[in-house]
Amino acid sequence: MIDLYTWTTPNGRKVSILLEELGVPYEAHAIDIGKGDQMAPEFLKISPNNKIPAIVDRDTGLSLMESGAILWYLAEKYGKFLPSDPAGRIKVMEWLMWQMGGLGPMAGQAHHFLQFNPGKAEYAEERYGTEVQRLYGVLDRQLAGQDYIVGEYSIADMACWPWVSRHEWQRVDLKDYPNVRAWYQRLLAREAVQKGYHVPKHMGEIPPG
Ligand SMILES: N[C@@H](CCC(=O)N[C@@H](CS)C(=O)NCC(=O)O)C(=O)O
């Protein structure tokens with residue numbers, strides 16, 4: 001049994017989507033980061049960086065922060081959504097790192113400057129807006145001729161998809177990235193992705209792309 005500490009954000013949704021895909025028992029605990037729940041001393045014991053998502057594996061007592069590490073741990077524990085061959089696994093790691101170090105942080109900054117504080121910092125809007133468009137171009141090229149980021153459906157897709165679901169906040173029109181759009185809709189059609197998106201609570205319809 002997995003305890004998932006999460007909120008309605010892309011990093012949180014990555015893990016709930018994987019747990020839904022795995023079909024394993026888990027309990028979601030809402031950490032309302034708008035209200036400051038992430039700063040509570042008891043949460044700090046589980047997530048030393050004061051951020052969601054975090055998990056506790058009741059089977060082993062292990063607690064883990066950082067969504068990329070959590071995805072990798074769960075995929076290994078349950079033996080799914082990671083290729084079995086070393087070359088395939090490292091390609092998943094490569095794209096997971098790309099999401100954790102690139103798409104996530106850059107899109108996150110774009111949300112702040114383009115969505116929440118427009119008109120206040122021209123340089124930042126230009127920098128993060130342009131970089132996010134470049135990253136969508138990278139993903140579009142990677143998806144050319146294949147249905148999933150490393151060929152087969154993996155945690156790399158589950159890591160990137162929730163960030164792409166916020167394309168409107170990033171002022172990205174998915175029609176400009178047809179391979180990304182087709183991939184986005186391919187994942188959106190999955191029941192587990194839809195269920196995982198609405199954890200820990202329903203926040204409105206999922207953008208159709
Ligand atoms: N690199 C971390 C980033 C986690 C993160 O930034 N979480 C955000 C929500 S998406 C958060 O908890 N923010 C609360 C805060 O910054 O106080 C991961 O991928 O898990």
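These exercises work through the strands and helices of one predicted model. Residues are numbered from 1 along each chain as its sequence is written. Because the model is predicted, local features need pLDDT of at least 70 and side-chain atom pairs count only at pLDDT 80 or more, while totals for chains, interfaces and linings use all residues.

**Exercise 1. Lay out the sheet.**

Find the order of the strands in the open sheet.

Step 1. Strands (E, at least two residues) and helices (H or I, at least four) are DSSP runs, numbered from the N terminus. Two strands pair if DSSP finds at least two bridges between them.

Step 2. β1 (residues 2-6) pairs with β2 (residues 26-30) in the parallel sense, over 5 bridges. T6 has A30 in β2 as its bridge partner.

Step 3. β1 also pairs with β3 (residues 54-57), here in the antiparallel sense, over 4 bridges. Y5 has A54 in β3 as its bridge partner. I2 stands opposite D57 in β3.

Step 4. The order is β2-β1-β3-β4, with mixed pairing. β2 and β4 (63-65) each have a single partner strand, so one side of each lacks a neighbour in the sheet.

**Exercise 2. Place β1.**

Is strand β1 largely enclosed or open?

Step 1. A residue is buried if 20 or more other C-beta atoms lie within 10 Å of its own, exposed if 12 or fewer, and partly exposed in between; C-beta atoms are placed from the backbone.

Step 2. In β1, 4 of the 5 residues are buried, so the strand is largely enclosed by the rest of the structure.

**Exercise 3. Compare two helix pairs.**

Describe how α1 packs with α3, and how α6 packs with α7.

Step 1. Axes are lines fitted to C-alpha atoms, for helices over the stretch in contact; angles run from 0 to 180 degrees between N-to-C directions. Angles under 35 degrees count as roughly parallel, over 145 as roughly antiparallel, 65 to 115 as roughly perpendicular and the rest as oblique.

Step 2. α1 (residues 10-22) and α3 (residues 67-78) pack at about 10°, with axes 9 Å apart. α1 is therefore roughly parallel to α3.

Step 3. α6 (residues 155-164) and α7 (residues 178-188) pack at about 105°, with axes 10 Å apart. These two helices, α6 and α7, are therefore roughly perpendicular to each other.

Step 4. Residues are in contact if their C-beta atoms, placed from the backbone, lie within 7 Å. D157, W161 and V164 of α6 meet V180, Y184 and L187 of α7.

How values were computed
Contact = placed C-beta atoms within 7 Å.
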